[in-house]
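Trainee: Could we go through this model together, so that I learn how each label is earned from its value?
Mentor: Gladly; let us take the labels in turn and set each one against its cut-off.

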Amino acid sequence: MRRFNLAVLAALTLGAGVIAVPAQAHGGQRPLGRENCTTTACHFDVAPGTYDVSVLLGGDAESSTSIAGETRRSLLPETAVPAGERVARSFTVNVRTPEGEPTGPEGTLGLDLVLGGSAPALADIKVTPARHARQIFLVGDSTVCDQPGDPYSGWGQQLPQYLRKGVSVANYADSGESTVTYLGNPQLWATVQPEIRRGDLVLIQLAHNDKTTDEATYRANLETLVAGVREKGGSPVLVTPIVRRWFNSDGTLNNDIALLVNGLGVNHPEVVRSVAAAEDVPLIDLTAKTKAIVESLGVEGSKALYLYNEKRDNTHTSAHGATVYAGLVRDELVARHLVPEGLVRVG
């Protein structure tokens with residue numbers, strides 16, 4: 001995720017059956033076009049950094065195209081285009097190693113994009129280094145991270161599709177992490193903090209794995225993260241954890257398991273709210289918002305948000321649930337004037 005001035009430009013027209021060959025970014029040479037994509041994927045041999053991607057969607061027939069990238073990140077929502085027409089879209093993407101969870105495998109070097117949707121059609125694409133992009137860093141656990149395998153998905157994995165060119169998501173959430181382990185692992189906070197620049201947002205949602213963390217330690221850890229973001233000129237945003245889908249007999253969510261009160265009696269959402277107020281930090285209350293959605297859908301309807309049907313899992317979200325929850329985050333970023341309305345997608 002280093003910022004640099006390497007000139008990379010990839011312009012191509014998709015042809016059926018084309019063999020994917022990396023677009024080279026060496027010596028300022030203009031990369032070849034058609035060789036960067038097949039009918040279903042593109043690969044650009046670029047160094048770690050932040051890139052603007054501009055695409056032209058559509059073809060002779062009706063089409064409907066979505067774009068994902070790197071470790072299953074949703075970068076562009078499915079977009080329908082009438083037959084014979086073209087629609088331009090753009091987004092900014094973070095490229096780094098490891099490309100998914102910070103403690104996971106390195107992944108594929110360069111930028112990988114996957115074309116999806118019911119009838120994908122890519123007419124043109126251009127990849128250039130982002131000059132003035134703002135980063136949204138995500139510090140979190142498995143409910144936020146770029147999950148490597150289907151059917152799992154963290155809300156941070158779905159957030160990029162709601163953002164336009166000029167804002168990228170650098171998702172450093174990692175499965176199994178608490179505030180204690182996130183601060184203690186050199187692959188996590190010690191790696192993230194040096195990357196923060198003035199004006200970047202850092203969203204912090206850690207609670208699910210703080211099952212044995214006492215209140216004083218949990219509070220102090222959140223304060224340390226907030227101070228560390230500010231030290232680099234970034235803007236911290238505290239996020240209360242998404243609820244677990246655990247109902248009482250009356251159709252409400254359980255006050256302890258669902259609403260994240262740990263075995264020591266620490267009410268994680270309340271501590272996050274308290275720290276946000278004391279430190280004058282913007283708060284996204286995902287606990288309250290996801291609670292309202294889950295309870296409104298009820299015992300049966302809420303199953304689709306989580307992996308109950310697939311895994312009997314009431315903590316981790318499906319791609320659908322993660323997308324719904326990412327939409328809540330998007331709405332809060334706009335409502336709290338953290339991201340300009342013109343830089344988000346509302347559809």
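Mentor: Keep in mind that this is a predicted model. Let us begin with two helices, since α6 passes α8 in a right-handed crossing. The contact is made by Leu-286, Lys-289, Thr-290, Ile-293 and Val-294 on the α6 side, and by Val-324, Tyr-325, Leu-328, Val-329 and Glu-332 on the α8 side.

Trainee: What makes α6 oblique to α8?

Mentor: The axes of α6, residues 286-301, and α8, residues 319-335, come within 11 Å and cross at roughly 135 degrees. An angle counts as roughly perpendicular from 65 to 115 degrees and as roughly antiparallel over 145. The angle of roughly 135 degrees fits neither range, and therefore α6 is called oblique to α8.

Trainee: How are the residues in the contact of α6 with α8 divided by class?

Mentor: That contact has seven nonpolar, one polar and two charged residues.

Trainee: Why are α4 and α5 also called oblique to each other?

Mentor: Their axes come within 10 Å and cross at roughly 45 degrees. Roughly parallel would need an angle under 35 degrees, and roughly perpendicular would need 65 to 115, so α4 and α5 are oblique to each other. The crossing of α4 and α5 is right-handed. Among the residues that meet there are Tyr-218, Leu-222, Val-226 and Arg-230 in α4, and Val-271, Val-272, Val-275 and Glu-279 in α5. The residues of this contact divide into six nonpolar, two polar and five charged.

Trainee: How do you know that Arg-230 and Glu-279 form a salt bridge?

Mentor: Side chains of opposite charge can pair when their charged atoms come close. The cut-off for a salt bridge is a nitrogen within 4 Å of a carboxyl oxygen, and the closest N and O atoms of Arg-230 and Glu-279 are 3.9 Å apart, so the pair qualifies. Arg-230 lies in helix α4 and Glu-279 in helix α5, so the salt bridge ties together parts that are 49 residues apart in sequence.

Trainee: Why do Arg-230 and Glu-279 count as partly exposed?

Mentor: Buried means under 20% relative accessible area and exposed means over 50%. Arg-230 has 36% and Glu-279 has 28%, and because both values fall in between, both residues are partly exposed.

Trainee: Is Glu-332, with a relative accessible area of 9%, buried or exposed?

Mentor: The value of 9% is under the 20% cut-off, so Glu-332 is buried. Glu-332 forms a salt bridge with Arg-336, the closest N and O atoms being 2.9 Å apart, while Arg-336, at 40% relative accessibility, counts as partly exposed.

Trainee: Which residues are joined into one network by salt bridges that share partners?

Mentor: Glu-270, Arg-273 and Asp-285 are joined in this way. Glu-270 and Arg-273 meet in a salt bridge at 2.6 Å, N to O, and both lie in helix α5, three residues apart, about one turn of the helix.

Trainee: How many salt bridges does the structure hold, so that I can place these examples?

Mentor: The structure holds eleven salt bridges. As for the wider setting, the protein chain has eight helices and 14 strands, and buried residues make up 54% of its 347 residues.

How values were computed. Residues are numbered from 1 along each chain as its sequence is written. This is a predicted model: local features need pLDDT of at least 70, side-chain atom pairs count only at pLDDT 80 or more; totals for chains, interfaces and linings use all residues. Side-chain values use heavy atoms; hydrogens and water are left out. Axes are lines fitted to C-alpha atoms, for helices over the stretch in contact, and angles run from 0 to 180 degrees between N-to-C directions. Helices (H or I, at least four residues) and strands (E, at least two) are DSSP runs, numbered from the N terminus. A crossing is left-handed if the near helix is turned anticlockwise from the far one by less than a right angle, and right-handed if clockwise. Contact means heavy atoms within 4.5 Å. Ala, Val, Leu, Ile, Met, Phe, Trp, Tyr, Cys and Pro count as nonpolar, Asp, Glu, Lys and Arg as charged, and the others, Gly among them, as polar. A salt bridge is a side-chain nitrogen of Lys or Arg within 4 Å of a carboxyl oxygen of Asp or Glu. Buried means under 20% relative accessible area, exposed over 50%, partly exposed in between (1.4 Å probe, protein chains only).
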